[in-house]
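This report describes a single protein chain, from its local backbone features to its overall form. The sequence and the structure are shown below.

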Amino acid sequence: MESRHLFTFLVVVETGSFTKAALKLDYAQSSITAQIQALEQELDKPLFDRIGRKIQLTAAGEKLLPYAQEISRMHLMAENALRSDMRVGGTIRIGAPESLAAFRLPSIIREYREKYPEVRIILKPGLCWEMISLIRSGELDIAFILQPEVSEQDIYIETLIEEKMALIAASDHPLLSFKQVEPIQLKNENILFTEAGCSYRSLFEKHLHQSGVIPDPELEFWSIEAIKQCVASGLGISFLPYITVKKELQDGTVSQLHWNDEGQRVATQLLYHTKKWQSHAMELFVDIVKQHAGLWREEQ
């Protein structure tokens, strides 16, 4: 039983005429007649007595009327609920490593909150491999990772921008005088590492190992801000995404060593599960992310 046939039935009852129902619904009269006939055939009972130009409900039509009204009411409630969703509400659970949570996402989240204040955003920090796992388990709606480009069968992954890396040191560090710093020159340097499992740390260590340099990290940090402060104080050097040290490089708090980062670059990537239903709130968030990513690429 099609809901549109029931709705047509209600309009015929309301107007008392097939002709008037056709005018109200902007249908041809033959369409109104066909829909009512289809409903009558399905129920195997006539719904209207046609006496001259007048029509009136049969006993079957009288019985159907309250059910048709209730179905129409529920249909309208469902439409209103979906329209309410289109006004954008609910919750979005987002995951990202600290570097992106601190240096890529704030402007995105600020714009989104200004446009859609009724949406609640939960931001969960973590390592990149954790983000992939949490997307797969459904604990996150959207995630961002900063690592070499990856491909996962059940996860949509889009590269937003390839990130530059920077090997940084205190502004008076002796290695700043070299046109090109080679891995062997870092053999006796105190390297300040991010925590184990960090994607760009792994790339940097692999590059050093290939050159015979096996660092023995005395200090590991979970905080990029702490690393930058220690570098500025002359406690060591560090390898970090350029976006995380851009301000300090510009104001001279730290300096960038001339370093070939080929093979050590990572990309900021957007993730969500291919089988997860995307709410309107999620779709709008992804749209804003992509707009910002376009600006990042222009600035680079």
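Between which two helices does the loop that holds Asp26 lie? The loop with Asp26 runs between helix H2 (18-25) and helix H3 (29-43). The model under discussion is a predicted one.

**Backbone and loops**

Although Asp26 is not a glycine, its phi is positive, at about 60°. The residue counts as exposed because its relative accessibility is 70%, and the cut-off for that class is over 50%. Asp44 likewise is a residue other than glycine with a positive phi, near 60°. Asp44 is placed in the loop between H3 and strand S1 (48-51). With a relative accessible area of 66%, Asp44 is exposed.

**Confidence and overall form**

The mean pLDDT of the protein chain is 89, and 96% of the residues score at least 70. Among the elements, helix H4 (residues 59-86) has the lowest mean pLDDT, 78, whereas strand S11 (residues 254-256) has the highest, 96.

The protein chain contains 11 helices and 12 strands. Its radius of gyration is 32 Å, well over the 19 Å that the globule rule gives for 300 residues, so the chain is more spread out than a compact globule. The C-alpha trace spans about 105 × 35 × 25 Å along its principal axes.

Of the 300 residues in the protein chain, 44% are buried. Among contacts with a separation of 6 or more, 72% join residues 24 or more positions apart. The accessible surface of the chain is about 16600 Å², and carbon and sulfur atoms contribute 50% of this area. There are 32 positive and 41 negative side chains, with the centres of the two sets 8 Å apart.

**Three residues and their surroundings**

The table pairs three residues with partners elsewhere in the sequence.

| Residue | Partner | Sequence separation | C-alpha to C-alpha distance |
|---|---|---|---|
| Tyr242 | Glu42 | 200 residues | 69 Å |
| Ala143 | Leu270 | 127 residues | 6.0 Å |
| Glu163 | Ala267 | 104 residues | 5.3 Å |

Ala143 belongs to strand S5 (residues 142-147). Its relative accessible area is 0%, so Ala143 is buried. Beyond residues up to four places away in sequence, Ala143 touches Gly95, Met131, Ile135, Gln269, Leu270 and Leu271. Leu270, one of these contacts, is the partner whose C-alpha atom lies 6.0 Å from that of Ala143.

Is Glu163 buried or exposed? Glu163 counts as buried because its relative accessibility is 1%, and burial requires a value under 20%. Glu163 is part of strand S6 (residues 155-163). Setting aside neighbours within four places in sequence, Glu163 is in contact with Arg104, Leu146, Ile243, Arg265, Val266, Ala267, Thr268 and Gln300. The C-alpha atom of Ala267, one of these contacts, is separated from that of Glu163 by 5.3 Å.

Tyr242 is located in helix H10 (residues 242-251). At 26% relative accessibility, Tyr242 counts as partly exposed. Which residues does Tyr242 touch, not counting residues up to four places away in sequence? They are Lys164, Met165, Ala166, Leu249 and Gln256. The C-alpha atoms of Tyr242 and Glu42, by contrast, are 69 Å apart in space.

How values were computed. Residues numbered from 1 in each chain as written. Predicted model: local features only at pLDDT ≥ 70, side-chain atom pairs only at ≥ 80, totals over all residues. Heavy atoms only, no water. pLDDT = per-residue confidence, 0-100. Helix = DSSP H or I, 4+ residues; strand = E, 2+ residues; numbered from the N terminus. Rg over C-alpha atoms; globule rule 2.2 N^0.38 Å. Buried < 20%, exposed > 50% of the residue type's maximum accessible area, 1.4 Å probe, protein only. Contact = heavy atoms within 4.5 Å. Areas by Shrake-Rupley, 256 points an atom, 1.4 Å probe, with all protein chains shown as cover. Lys, Arg positive; Asp, Glu negative; His and termini not counted. Charge placed at Lys NZ, Arg CZ, Asp CG, Glu CD.
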